[in-house]
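Hi everyone, thanks for coming. Let's take a look at the structure together, starting with the ligand and its surroundings.

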Amino acid sequence: MKVQVIYHSLSGCTEKLARGIFEGLKCENKTLHNLADGTPEIDGDVILLGYWVDQAGPCKPIRELAESLSGRHVGLFCTMAFWCDASHGTASLHNGAACVQEKNTVIGGIAVNGHMSQKMIDMFRAMGAGPHSANPASEARWALMKDHPSACEIALAAERFNERIALLEILSQRDIAFPSVAI
Ligand SMILES: Cc1cc2nc3c(=O)[nH]c(=O)nc-3n(C[C@H](O)[C@H](O)[C@H](O)COP(=O)(O)O)c2cc1C
């Protein structure tokens, strides 16, 4: 079974997560692709798509790739600056799954926290008063999360996909279709 990990990252969080997942995958036939280097030939049995969250959904390069896939087993992972356990986090993963689930089988997904890039922090600090402008609470959150994604989050993501790939292998041997995960 071949696994392709494909990601896009602006400030390194999704790249860190993608590399960690890739290293943690137990299968031997695996490849890692940064979409910034071009779109790879899609020849994996499993495609793991990694994106940074842009307005509660996948960043454009991953969204476009996701919408072009069909007949694949797809897993999704993303990093985001707002709380990943908020409804915004669930929606951000759901909106990624929505790009692939009609034409593919979703094997699972995970949304984890990244850090807010310095460029974004500077932008929020420069804003006038408003819902997104920097405030003491957001400043504290950004400082606390500066090292995310954490080793635990990366390990959990790798475990999730290892488990789903193992299940896919078991079901394939028994000629049973993987029941798509409704994210
Ligand atoms: C244009 C833009 C839009 C973003 N929109 C969201 C968002 O809707 N929700 C969120 O939690 N984070 C949002 N973020 C923050 C990034 O998703 C987050 O910092 C992510 O971890 C960055 O990943 P990267 O380092 O791989 O680029 C946005 C960032 C940018 C640049």
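Which helix and which strand each supply at least two residues of the shell around the ligand? They are helix H1 (13-24) and strand E4 (73-80), where helices (H or I, at least four residues) and strands (E, at least two) are DSSP runs numbered from the N terminus.

A quick word on ground rules: this is a predicted model, so local features need pLDDT of at least 70 and side-chain atom pairs count only at pLDDT 80 or more, while totals for chains, interfaces and linings use all residues. Residues are numbered from 1 along each chain as its sequence is written, and side-chain values use heavy atoms, with hydrogens and water left out.

Back to the shell. A residue counts as near the ligand if one of its heavy atoms lies within 4 Å of it. There are 19 residues around the ligand, and Ser9, Leu10, Ser11, Thr14 and Val53 come nearest. By type, the shell has 9 nonpolar, 9 polar and 1 charged; here Ala, Val, Leu, Ile, Met, Phe, Trp, Tyr, Cys and Pro are nonpolar, Asp, Glu, Lys and Arg charged, and the others, Gly among them, polar.

Now the polar contacts, meaning pairs of N or O atoms within 3.5 Å. A side-chain N or O atom of threonine 14 is 2.6 Å from a ligand oxygen. For alanine 81, a backbone N or O atom lies 3.1 Å from an oxygen of the ligand. Histidine 88 has a side-chain N or O atom 2.7 Å from a ligand nitrogen. The protein buries 84% of the 650 Å² that the ligand exposes when taken alone, by Shrake-Rupley with a 1.4 Å probe.

And the pocket? The ligand takes up the space of the largest pocket. Its 32 lining residues include Val53, Ala81, Met116, Met120 and Phe124, which lie nearest the centre. A pocket is an open set of points on a 1 Å grid over the protein atoms alone, where a 1.4 Å probe fits, with protein on both sides within 12 Å along at least five of seven lines; lining residues have an atom within 4 Å of a point.

Finally, a backbone detail: a cis peptide bond joins histidine 148 and proline 149, with omega about 0°.

Key. A polar contact is a pair of N or O atoms within 3.5 Å; within protein, one must be able to donate a hydrogen and the other to accept it, and residues adjacent in sequence count only if both atoms are side-chain atoms. A molecule sits in a cavity or pocket if more than half of its atoms lie within 2 Å of its grid points.
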